[in-house]
Amino acid sequence: MEDGHLPVLAEEVMTILSPRPGSLQIDGTLGGGGHTERILEASTPDGRVLGLDADPAAVARVKARLARFGDRLVVRQADFRDVGTVAPAAGFAAVDGLLLDLGLSSFQLADADRGFGIRTGGPLDMRFDTSRGAPASELIADLDAAALAALFRRYGEEPRADRIARAIVRERSVAPIDTAERLAAVVERAAPAAPGRRRIHPATRVFQALRIAVNDELGALEAALAAAMDLLRPGGRLVVLSYHSLEDRIVKRFVAAERKGCICPPAIPVCVCGRIPRLRALGPQPVVPTADEVAANPRARSARMRAAERLAA
Ligand SMILES: C[S@@+](CC[C@H](N)C(=O)[O-])C[C@H]1O[C@@H](n2cnc3c(N)ncnc32)[C@H](O)[C@@H]1O
């Protein structure tokens, strides 16, 4: 076990990336460093990895845990939306692989000071990078009921968004909702779990929605995918692991568009846009974990992997 966070679909990721000695790879989401560790081991003696994480705690942890790889591992505390500038500046301008393992790590979920976990409690923060942006408690305090409901619907696909938003506005006038426990309790009272669905906490979708909004997760993903097209050398491989349908849809559409190339309307008989296919899809779309992996690592349950290869310009 990689120090508290098991890397998801690790064998499948390694099969796609097939890191060789001398190769350059980017791990945009270091987390506990599980995938990066495998890439470095497989590309012994001189393959190199640039690892990014927005969370300073993840960066410090991985630097210490993987110090044995010396300068084969270059670590930067950065948002992967900026990979297009961060990677070339670190000497990774043309790479053989780029991995994004989205969402949050087991460390973050378990850390009561971060407010990610419904059951772990703590201040309602939810930022990957706590030095930037506003914590989730500010959204909960400031948005009106319509805006809260729209957020829960859009990023959480929450069917009871209006009722929950109204309850939040009512309850926050009594006392601030600034801890994960209090938000979870308010949501649970407003929209209790249906019988038979008790294993999934009724606030799960609300927590997901807030996390996505606080970190602009979908915007970051779109920016990183676009940047990957310039960073991957021909034959270089893109691997994305997503954990909910909103992320997976973005990756699916991106790969489909880059496979197709041309964006001319079907009514135009000859291509005038000049766009050519830049990606070739690899393997089944998507790859999901086996029942054995899910039994060993329940966090892998919702994972979907999509992979593609950069075609020559
Ligand atoms: C699922 S974990 C990665 C786990 C890792 N693959 C492993 O095997 O240990 C996701 C990590 O991505 C980071 N992260 C999420 N969004 C990010 C972003 N936009 N930029 C940089 N890091 C991000 C989180 O802080 C978290 O540490």
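Two residues count as in contact here if their C-beta atoms, placed from the backbone, lie within 7 Å. With that in hand, let's walk through this predicted model, starting at helix H9.

Helix H9 spans residues 180-190, and its buried residues are Ala180, Leu183, Ala184, Val186, Val187 and Ala190. These residues cover an arc of only 165° around the axis, so they sit on the same side of H9. What do they pack against? The partners of the buried residues of H9 are helix H6 (136-142), helix H8 (161-172) and H10.

H10 is a good place to go next. This helix, residues 204-214, also packs with helix H7, residues 145-156; the two axes lie 8 Å apart and make an angle of about 90°. Because angles from 65 to 115 degrees count as roughly perpendicular, H7 is roughly perpendicular to H10. If you would like to find this contact in the structure, look on the H7 side for Leu151, Phe152, Tyr155 and Gly156, which meet Arg205, Val206, Gln208, Ala209, Ile212 and Ala213 in H10. Sorted by class, the contact of H7 with H10 comprises 7 nonpolar, 2 polar and 1 charged residues.

Now let's turn to the ligand. Which residues come nearest to it? Of the 23 residues around the ligand, those are Pro7, Thr29, Gly31, Gly32 and Gly34. Helix H2 (34-42) contributes at least two residues to the shell around the ligand, and strand S2 (48-53) likewise supplies at least two. By class, this shell has 8 nonpolar, 9 polar and 6 charged residues.

Notes:
Residues are numbered from 1 along each chain as its sequence is written. This is a predicted model: local features need pLDDT of at least 70, side-chain atom pairs count only at pLDDT 80 or more; totals for chains, interfaces and linings use all residues. Axes are lines fitted to C-alpha atoms, for helices over the stretch in contact, and angles run from 0 to 180 degrees between N-to-C directions. Helices (H or I, at least four residues) and strands (E, at least two) are DSSP runs, numbered from the N terminus. Angles under 35 degrees count as roughly parallel, over 145 as roughly antiparallel, 65 to 115 as roughly perpendicular and the rest as oblique. Ala, Val, Leu, Ile, Met, Phe, Trp, Tyr, Cys and Pro count as nonpolar, Asp, Glu, Lys and Arg as charged, and the others, Gly among them, as polar. A residue is buried if 20 or more other C-beta atoms lie within 10 Å of its own, exposed if 12 or fewer, and partly exposed in between; C-beta atoms are placed from the backbone. The arc is that of the directions from the helix axis to the C-beta atoms. A residue is near a molecule or strand if its C-beta atom, placed from the backbone, lies within 6 Å of it.
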